[in-house]
Structures are given as structure tokens and as C-alpha cells.
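Hi,

Here is the structure I promised to pass on. Have a look at it first, and my notes on its charged side chains follow underneath.

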Amino acid sequence: MQRYNILWADDEIELLKPHILFLTQKGYDITPVTSGPDAIDEIESNNFDIIFLDENMPGMTGLETLSQIKSINADVPVVMITKSEEEHIMEEAIASKIADYLIKPINPNQILLSIKKLLDNKRLVSERTNMSYQQDFRNISMAFSDYLNHEEWADIYKKLIYWELEMSSAGNVEMSEVLDLQKSDANLYFAKFVRENYADWLNDPDCERPILSHELMRKKVFPELNDESPVYFIVVDNLRYDQWKIIQGQIMDYFNIESEESYYSILPTTTGYARNGIFSGMMPSEMARNHPDLWVGEDEDGGKNNYEDKFLERQLKKQRLDIKWSYHKIKNTAQGKSLNENLTNLAHNDLNVIVYNFVDMLSHARTEMEVIRELAPDESAYRSLTKSWFSHSPLFDILKKIASTKGKVILTTDHGTMRVKKPFKIVGDRNTNTNLRFKLGKNLGFEKSKAFVVRNPESIFLPKLNVSSTYVFAVEDYFFAYPNNYNYYVKYYNDTFQHGGLSLEEMIIPIISLTSKIR
């Protein structure tokens, strides 16, 4: 067991000898001092893992001593001990970044609990997380063999993400490897589930099915429109469920979570299909047929999502919604700051749609830039990078301003991403599209058992370029690679975040309803 060094400063230290003896017997090394200056001297010449500091010492007070301690070592945890319960003392101590606050009289177990909370917390949490996950592991694995519906699969995915975040927080590497294997198994069974049910979701009106991309606004956004407050529908591209959970705490400082639900992205899980589906209220083949002036197919040049506002306009008209609305696409920081500065002008609208492009750019940058891959070598670091961006982003400023105007927010994304690790050889002609997670072409050559193959695109409402058009979707963590320059492309794209295919991460999408905490 690691021994910890503890400094205890109290002008009545003699009265605390029973406490010190108790902690010594528990394996802690205690250095007692009777004043603030003596505490400073010890800190300047020795390293301590934790400091107990009496607030009401003669001469240099506890708060004055605390200030000097932090100037010497800002990271050492300090526990303030005081007889006083005056609010201003508590506030000043908290503002000075104390680690804990105890009120006299104290007993030995209070001190021990504070030490364990501050010094042994990570070990204890890791051990508890390990034990709890082991208990849940069997339940999750057994569920795969049952016939799960779409809601149960969403629950499984959320549970896996919960454990992933818990283990990441606890630094539990060994059990994280077990969890990775279980997530892989989950995606294997989930791919089978989608293969068996996807066509029925789209063709059988009586089939139990999730809300899909093209139904999202009609079922989750339009019903929220009323005369009381504007609705802000914010679509952050590529925001996976785990990334939402990592920024949730910051958002909850300003909003109450009214609901946190899931919907399923349509296939392919890309912007051109899924996000256009959201704004048009249609499946891809319907967009291509009914709006040929807006739809850009795989055989055409140009951006696939340049007409989202036009699609939205036509969907509003189709739903006979005579409302005031706005649409804003944010592609860079300058545009985000500009929208934030002019946000008050949107308060008179019934609906304000904001598409925020950053997470998609982050995933592409991680593929193309070695420095980003170094900064985010794994899932945990990738989430951390997302959180860091969000903390300093105009999007966070926009949300805070919306909260101050008591607006309602519906936050979601269009699809997620999969961290791909397994190359999958496929052969196609020059007209085959370039996406790594789905292919559209004719006479495609591939191993059928490792993909979701759709030879009749019309059966799942996808455009058909020619008579023999076939869609092939990568499942699990596979990615497509051509035989030409195979080794180069495998090395380049392996361990990158991609989308377009069939996985829990790409298809199960968070949709969160937020109401301002300001009344």
C-alpha cells in the first residue's frame, strides 16, 4: 500500500494527537505544525499529498495561509477545518479552490473519509467500476441472444457508453479492453438486427420501428412550436452519444434536460442522405424524385448538402406550417461568433435551425493531420478534444445566450462515426463512390458475409443510378479499401473515424430537449 504524507496545521495540535495516532495506524505519515508560517516552511522544503488547515489560527489565518500554499503548489489538495459556519468564510475558502471543508468538532472517521475521497478516490472508483461492470457484463452479453427491439438496442448502446465513460474516468485499462470486445460483439448482433428489420421499418406501416431521420422534425420538432417561446433546433454534425454525454455537464449549468431520447439515422449514415432526410422529411429516393433541383446524387459533382434550407422550406410548406423561421449553417468560428452577436434578432421567430459543423471537421482532420491523431489517439482522447472545443466554442456561447432568453433547445445530430480498424477489400469501376463505409456501384466485387448488401435500392428508398446499382454497407468496424495501393490506404485510414455504414455508433442518435434554468 502506498504511504501518503500529510501536513496538519492547527494551533491546538496537541488536542488532535488521538486523531494523528489513528491516521498513523492506518498507514499515513503525519507532519504536525501549530501555525501558518510553520506550514509554509514545511511546504517549501517537503512534498505533501494532502494538507489539513485550521481556519482560525492566531497570527496568519487559515485563509491567508491557504493563499500562500496555492502560490507555492496550486495542485496540492487542502482541507479547511473550522469552528465557524459563517457563509462568507465558506465562500472564500471554496473560491480559493479548497478540496474539502470540515466543521469542528471532527472525529477520526471524518478525517479518514476526506483522505480516501481525495487520495484513494481513483483506486476505489476503479475497483468499484471493475466489480460493477463484471456484474453487468453477463447481463449485457446474454441480452444479445434475445430478440431485442430498437428501444432495447438503444438502451444496450447507452449502457455500453456508460461503462466506457466510467472506465475512462477511472483509468481502468484492463477492463476497457474487455468492454471493447463486448462492444464489438454488440455491433455484430446489431448489424444482424438492422439487416433483418430495416426494410420493414420503411415499408410496413404496422411495424414497430424507431423514429428515423426523415420523421424527426415532424415528430420531435414541429410539435414543440407554440407562441410562448422560440424553438432552437440545433444539429451538431457527427455528435455521437458519448460526445453528448461528455459535454452534458457544461450544458446543464444553464439548461434543464426535459428529455433525452434516441432516434435512428437512415442508411447511408452520411450528411447527404441522413441530414437531407431530416430537413426534407423524405427518404433519399423521394428527394431525388420530388426535388430533382435540390438532390445531388453520387454520380454528380458538388456538395451533397447545399440545399438544406430549401428542403426545410418545402417541408414546412408541405406540413402547412405558416411560421417565422430561420436557418443558419456555421462552418467556422467567425460565423459562430457572428450568429452569437446577432442571436437576439432571432427571438421573434417560431423556429430557428442551426447546423453546426465542427465535429465532422475534427474527424476529417484526425484522418488527414498527424498532429490531431497524436492529440486524439483513442476514443477517450477524442472525446476530451471534443469537450475542449465545446468549452471554448461560439456554440457554447450561443447556448448560454439562448438560456438567458428562455428559449427552448432541441439538440441532436445527423449521424455518428465509427472508429474503423478492419480493412475490407472491394472492387468497383471508376464510377463507384469514394466513401469508406458504403459503396454504390454496379458489378461490385466483395466478400458478401462481411457487409449489408442491398441489390434492390428501391426497397429501402435509395436512388438507383442504373439497372444493376447495388449499395454495400460496411458493418462493425470494417472499412472498404481497393486492391490497388491496398497497403497504403489501409495504413492511412486504419484507426480513423468514418461514417456511412451500419453500427451502433453511426445509427443510434441522441436527441435532447432542453429548457432554460432561468425563470
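**Salt bridges**

Asp397 and Lys400 are three residues apart in helix H18 (residues 394–404), so about one helical turn separates them. Their side chains meet in a salt bridge, at 3.6 Å from N to O. Asp397 counts as partly exposed because its relative accessibility is 34%, and Lys400 is partly exposed too, with a relative accessible area of 26%. Bear in mind that this is a predicted model.

There is also a network: salt bridges that share partners join Glu164, Lys183, Arg240, Asp242, Glu379, Arg383 and Glu505.

How many salt bridges are there by this rule? The count comes to 28. Two others from my notes link parts of the chain that are distant in sequence.

One of them pairs Lys104 with Asp54, at 3.4 Å from N to O. Lys104 lies in the loop between strand S5 (100–103) and helix H5 (108–119), while Asp54 is in strand S3 (residues 50–54), so this pair ties together parts that are 50 residues apart in sequence. Are these two residues buried or exposed? Both Lys104 and Asp54 are buried.

The other salt bridge is between the side chains of Asp100 and Lys117, at 3.2 Å from N to O. Here strand S5, which holds Asp100, is linked to helix H5, which holds Lys117, and the two residues are 17 apart. Asp100 is buried, with a relative accessible area of 13%, whereas Lys117 counts as partly exposed at 45% relative accessibility.

Cheers

Technical notes: Residues are numbered from 1 along each chain as its sequence is written. This is a predicted model: local features need pLDDT of at least 70, side-chain atom pairs count only at pLDDT 80 or more; totals for chains, interfaces and linings use all residues. Side-chain values use heavy atoms; hydrogens and water are left out. A salt bridge is a side-chain nitrogen of Lys or Arg within 4 Å of a carboxyl oxygen of Asp or Glu. Helices (H or I, at least four residues) and strands (E, at least two) are DSSP runs, numbered from the N terminus. Buried means under 20% relative accessible area, exposed over 50%, partly exposed in between (1.4 Å probe, protein chains only).
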